[in-house]
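Please find below my notes on this model, set out as numbered points to be read alongside the coordinates.

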Amino acid sequence: MMIYSTMSGKKEPFQPMHKNRVNIFVCGPTVYDDSHIGHARTYIAFDVIARYLKHKGLSVFYLQNITDVDDKIIQRASELGIEPAVLARKFERRYLEDMRTLGVTNVNLYARATEHIPEIIGQIERLVDLGFAYETETGVYFDESRFEDFGKLSHQTLEEMERHRIDPDPTKRNSGDFSLWKKREDGAEVTWDSPWGRGRPGWHIEDTAITETYFGPQYDIHGGAMDLIFPHHEAEIAQMEATSGKKPLVRCWMHTGFLNVKGEKMSKSLGNFMTIREMLERCDADAFRLFVLLAHYRSPIDFSEEVLEQSRKSLERIRHLIRIIEEQLEMPGGIVESEEVDPILIKAKVGFLEAMDDDFNTPYALSVIFDLVRDINRRINEKTVSKKALKDTKQLLGEFGGIFGISFSSGLEMSAGKEEDMTRDLIKLMIEIRQKLREKKDWELADQIRNRMKELNVVLEDAKEGGKYTLSEEDCLNRKAYNLR
Ligand code: AMP
């Protein structure tokens with residue numbers, strides 16, 4: 001399998017450090033607000049990467065940090081007049097909910113920065129002892145001039161990097177030196193005790209303290225979007241390689257392209273964002289995943305409602321085929337009798353795996369799926385397909401869907417989301433229970449259920465056969481009336 005490495009600037013054969021085991025770390029969110037669909041793009045890409053590595057039989061440990069102490073969190077919390085920790089927990093919870101809804105389910109461990117303060121302090125102490133870091137009146141800084149490989153990931157010279165630094169501090173030795181520990185007055189901000197007095201960690205050090213804790217000084221894959229290459233990932237390399245003396249920190253550096261709006265990166269600061277929650281009100285999570293995977297993970301994606309709509313239609317084409325296959329399989333007799341594996345399916349499987357082995361080329365893998373859907377549809381119309389081939393197609397599409405984290409199954413085609421389906425099923429269950437209670441003339445409990453459901457915005461109307469319910473205006477899932485007959 002070949003993976004493009006930002007470090008070498010080319011695709012390289014991927015070989016895990018420890019036989020069958022792959023340790024992946026991806027920079028997690030700064031939890032001061034709801035995540036937007038640009039974040040979702042990056043996390044869906046790495047979710048699929050983890051899924052595919054598992055599919056290849058590798059044992060994957062996927063670690064993500066949560067930046068829960070940071071300038072933005074402190075500023076937002078002070079604007080709202082709440083504790084930074086309260087704000088951070090709220091948006092961490094919402095982030096995790098968003099990830100679950102998007103099917104981003106392969107992270108093994110989320111590690112909060114604030115729960116690794118001893119490890120952070122320990123790493124800074126070692127850097128100071130080794131002469132790579134120094135203390136001033138404002139904090140502790142990494143001395144970039146002492147680390148000769150500084151710039152090797154972003155392929156820049158010291159001068160080029162210094163031009164980009166926006167962190168002037170007269171106490172620093174070099175303008176490009178970055179902060180490891182920020183000295184702060186107790187009470188004014190969130191602070192911890194340290195050998196340098198009260199303060200809080202800089203941004204870059206939390207990641208190497210966390211990865212060293214769980215993976216040691218070296219591991220397989222580090223990911224994030226391209227904006228993190230410099231200075232963040234460059235700083236991580238300097239911190240960890242200087243501390244451990246071991247190179248490289250990471251075997252393969254993987255960076256996703258941006259999700260853009262009219263050519264500009266979607267970001268909170270530019271105000272051109274759509275939150276994951278807003279997107280999910282308009283679009284099924286599976287269709288959004290398909291939209292993301294229609295681009296290669298390193299390419300930019302220009303977000304537009306039209307392309308999202310295209311993805312919805314493409315998903316429906318695949319689901320439609322599965323429905324047709326299910327109907328065909330239920331019909332008596334065969335279209336064509338054959339127990340041979342159809343060559344179309346062999347071609348599709350080989351094509352899909354080749355695409356994914358080539359630096360996770362999901363757009364190519366999807367084109368293989370669309371070709372398969374077109375060919376099988378044609379063969380069904382021509383009545384030249386065997387039942388075995390239909391069964392195999394359904395199974396293969398299920399396998400591909402599992403790798404992409406997308407349900408291609410026919411059961412979901414009418415729903416705007418799995419949660420909505422479940423809500424509907426639960427409401428139906430409550431109605432059935434009420435029906436039984438009414439048959440037993442337990443009017444009191446039946447009315448109690450109806451009143452409680454009304455409080456939850458579900459209005460029940462009794463009818464002879466099955467009943468009917470309406471979700472009232474406030475309900476965020478759907479505003480239709482449902483007949484249960
Ligand atoms: P943040 O919370 O801003 O640190 O971002 C969390 C992750 O999302 C990082 O890996 C970012 O690089 C990534 N990210 C932020 N904005 C975008 C975007 N518009 N497109 C793709 N990835 C993004």
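1. In this predicted model, strands β1 and β2 make a hairpin in which 4 residues lie between the two strands, and glycine 9, which sits in the turn, has a positive phi of about 75°. The two strands, β1 (residues 2-5) and β2 (residues 10-13), run antiparallel to each other and are paired over 4 bridges. Within this pairing, serine 5 is found opposite lysine 10 of β2.

2. The side chains of β1 alternate along the strand: Ile3 and Ser5 point to one face and are buried, whereas Met2 and Tyr4 point to the other face and are not buried. Serine 5 is therefore worth viewing from both sides, as a buried residue of β1 under the 20% cut-off and as the partner standing opposite lysine 10.

3. The model also contains an open sheet of 5 strands, paired in parallel and ordered β5-β4-β3-β10-β11. Because β5 (109-112) and β11 (250-256) are the edge strands and each has a single partner strand, one side of each is left without a neighbour in the sheet. From one strand to the next, the twist averages 25°.

4. At one end of that order, β4 (residues 59-66) pairs with β5 in the parallel sense over 4 bridges, and leucine 63 stands opposite leucine 109 in β5. Helix α1 (residues 37-55) packs on the sheet, where it touches β3 (21-26), β4, β10 (219-225) and β11, and its direction makes about 160° with that of β4. Helix α6 (residues 203-215) likewise packs on the sheet, touching β3, β4, β5 and β10, with a direction that makes about 150° with that of β4.

5. Is asparagine 260 buried or exposed? This residue, placed in strand β12 (residues 259-261), has a relative accessibility of 11% and so counts as buried, since the cut-off for buried is under 20%. Its side chain reaches the backbone nitrogen of lysine 265 at 3.3 Å. Leaving aside residues up to four places away in sequence, asparagine 260 touches Lys265, Met266, Pro300, Ile301, Asp302 and Phe303.

6. As to confidence, the chain averages a pLDDT of 90, and 91% of the residues score at least 70. Two stretches nevertheless call for care in reading: over residues 411-417 the pLDDT stays under 50, and the model has 10 contacts beyond four places in sequence for them, while over residues 472-485 the pLDDT is also below 50, with 28 contacts in the model beyond near neighbours in sequence.

Methods: Residues numbered from 1 in each chain as written. Predicted model: local features only at pLDDT ≥ 70, side-chain atom pairs only at ≥ 80, totals over all residues. Heavy atoms only, no water. Buried < 20%, exposed > 50% of the residue type's maximum accessible area, 1.4 Å probe, protein only. Polar contact = N/O pair within 3.5 Å; in protein donor to acceptor, adjacent residues only side chain to side chain. Contact = heavy atoms within 4.5 Å. pLDDT = per-residue confidence, 0-100. Pairing = 2+ DSSP bridges. Axes fitted to C-alpha atoms, helices over the stretch in contact; angles between N-to-C directions.
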